[in-house]
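Hi,

Here's the structure I promised to pass on. Have a look at it first, and then read my notes underneath.

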Amino acid sequence: VSPALIAHGVGGRQDLPIPFELAVLGAALALVVSFLVLGLAWKESRYRGDDSGRPLPEALTRAADSLWTRWTLRVLGLASAAVVALAAIAGPDLATNPTAGAVYVLLWVGIVPASLLFGPVWRLVNPVRTVHLLLCRVLRLDPAAGIRRLPSRVGLWPAAVWLLAFTWLELVAPDRATTPVIRAWLATFFGLSLVGAVAFGSRWFGHADPFEAYSTLVGRLSWLGRRRDGRLVARRPLENLDGLPARPGLMAAVAVLLGSTMYDSVSASPWWARLVQGSAFGPTAAGTVGLLATITVVYATFALAVRLAGVVAGLPAGVDRFAHSVLPIAVGYVIAHYLTLFVLEGQHTLVLLADPLGIGANWFGLGNLTESRWLANQPTLVASLQVGAIVVGHVLGIVSAHDRAVRLFPPRRALVAQLPMLGVMVGYTVAGLLLLFAA
Amino acid sequence: MSTPPSSRSLPSRAMVLLVLAAGLAGCGDAAGGSAESAPGSITAGPSVTPSSPPTPSTTEARTPLAPEIRVVEVTIADGEVQTDSDQVEVASGETVRVVVTSDVDDELHVHGVDQTAELVGGEPTTIEFTVDEPGVFEVETHDDGRLLFQLLVR
């Protein structure tokens, strides 16, 4: 396995390390804002989650919910999946095959901007959901009905496991950029998802589908949301985030997102390459251990901080009650880490999709696209955006943890109780800046 | 354009390596028609291994030696990589000359410029190129997948 693939699923180029001054500035900013929030922010919870937001015109809600819109999106999802499946099954296993770029860049990274802009969109285009729906229609079954009831305590745990399985494929699996490997993963995922949906009904997707889970979580940082009555509203992202249900497994899912991105940074460093090359483990074993260890550290540190907060406040709270506040940090990391990859490789993948079978075709005229390398030539801008994303994510995390703490905990102890979480979040942020600086 | 072979008759491992060599998306020319957008340009092809120059066609593309050439020497012995630094910093457009001596046969690959050269066991191999785009590019061996160093282009 090539080291470039130990470092990344795709892409032969990485961003330059950020300047040291910028890393220090970011860390200082994060610290100062943290304590400002603690000292100056509101003392009573202000966020009202799904009750909040300015209603958008009713026509917009009607249009979004119309059968026509829903089926257009489903058909789009199916058609896109069909093109990628064609490339994965019948395309040549060469660098010109768009499968890896489509899955690792357009889908996995693309979920983030799409969901930030429009909310939890993947459930609307999810091709596996559509296949299940169509099968149920043909067999005259109710797609919502399963053979068994899914206990609600299952929460997001299956999604966390699938998220781990996907990040393992993307960051660790041997030959992970080759089509046979991706094809095998996707086929397994597709089959097991359908089995889950048949067993528990279509709500299985909301509990288990990693791409839906990712989109639903990131969509909670969107400006666009839904009120309890279903009306589309414009709302502040932190209000939106506050409405994220504290389901079991939420922290596990968030920890996979943050931990895997951290691991991707670590594994791109020469330090890690030397460690793996000098070890008795092979790269797959070392990578698996590294990925699991990073995710476990993220989960354990935050769980410990919430436990401590509960002890200080005299009122225990489960880690999932605060997990939403780690989400902005994870998304900040993802933006910092994958921004240029998405822009550069995303364009490149679109061009490759013009010819998924490698027969010289130019489907949809995609082959005529001119790839812009402009962003690759703006290292100062990129470094600033990276640090900006990390710091903004940190601030959003601190503020949402603060609001949740003053809601859950007795007023006199709410501030002190936040300190452990604040410490852990500063840790994540400083670690993120260090990785951008050193790796 | 150094296209990977289109034949499926190659052993699968070689196929995989070639795919990696082409550096799925982003590694330049191999990715069909994106030569203009590739981040680097090769001013001198994989040049003369002392024994037998395998790629005579590229030598004519060689430019006269620029006054500033960054020379990086790498030794690979018993699976251990020895370099002066894990990260080599160069300016965008600066010529880089990498001299690799490996105790086993292997293939050298520079990401970003998608430059490869045969490594013959025990003999130094020289590869020369420039990268015109900022970023971090990995220089590695293929057969045993070892990172030799990272090239930091500023």
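To start with something you can look up right away: in the hairpin of β7(B) and β8(B), which residue takes a positive phi? That would be B:Gly112, with a phi near 90°, in a hairpin that has 4 residues between its strands. Before I go on, keep in mind that this is a predicted model.

Staying with that hairpin, strand β7 (residues 106–110) of chain B pairs with β8(B) in the antiparallel sense, over 5 bridges. If you want a pair to click on, B:Leu108 has B:Ala117 of β8(B) as its bridge partner. Strand β8 itself covers residues 115–119 of chain B, and its side chains alternate. On one face you'll find B:Gln115, B:Ala117 and B:Leu119, which are buried, while B:Thr116 and B:Glu118 point to the other face and are not buried. That is what a regular strand does in general: side chains alternate between the two faces of the sheet.

Over in chain A there's an open sheet of 3 strands, in the order β2-β4-β3, with antiparallel pairing. Its edge strands are β2 (54–55) and β3 (224–226) of chain A, and each of these pairs on one side only. Between β3(A) and strand β4 (residues 232–234) of chain A there are 3 bridges, with the two running antiparallel. There, A:Arg226 sits opposite A:Leu232 of β4(A).

Now for the helices. Helix α8 (residues 127–138) of chain A packs on helix α10 (residues 179–200) of chain A at an angle of about 50°, and their axes are 10 Å apart. That angle is why α8(A) counts as oblique to α10(A). The crossing is right-handed. From α8(A), the contact uses A:Val128, A:Val131, A:His132 and A:Leu135, and from α10(A) the contributors include A:Phe189, A:Phe190 and A:Leu194. Sorted by class, this contact has 8 nonpolar residues, 2 polar ones and no charged ones.

One last residue: is A:Ala88 buried or exposed? A:Ala88 has 4% relative accessibility, so it counts as buried. You'll find A:Ala88 in helix α4 (residues 67–90) of chain A. Leaving out residues up to four places away in sequence, A:Ala88 touches A:Thr99, A:Thr179 and A:Arg183. Of these, A:Thr99 lies 11 residues away along the chain, and its C-alpha atom is 5.7 Å from that of A:Ala88.

Shout if you'd like to go through any of this together.

Cheers

Definitions and conventions:
Residues are numbered from 1 along each chain as its sequence is written. Chains are lettered from A and ligands numbered from 1 in the order in which they are written. This is a predicted model: local features need pLDDT of at least 70, side-chain atom pairs count only at pLDDT 80 or more; totals for chains, interfaces and linings use all residues. Side-chain values use heavy atoms; hydrogens and water are left out. Axes are lines fitted to C-alpha atoms, for helices over the stretch in contact, and angles run from 0 to 180 degrees between N-to-C directions. Angles under 35 degrees count as roughly parallel, over 145 as roughly antiparallel, 65 to 115 as roughly perpendicular and the rest as oblique. A crossing is left-handed if the near helix is turned anticlockwise from the far one by less than a right angle, and right-handed if clockwise. Contact means heavy atoms within 4.5 Å. Ala, Val, Leu, Ile, Met, Phe, Trp, Tyr, Cys and Pro count as nonpolar, Asp, Glu, Lys and Arg as charged, and the others, Gly among them, as polar. Two strands pair if DSSP finds at least two bridges between them. Buried means under 20% relative accessible area, exposed over 50%, partly exposed in between (1.4 Å probe, protein chains only).
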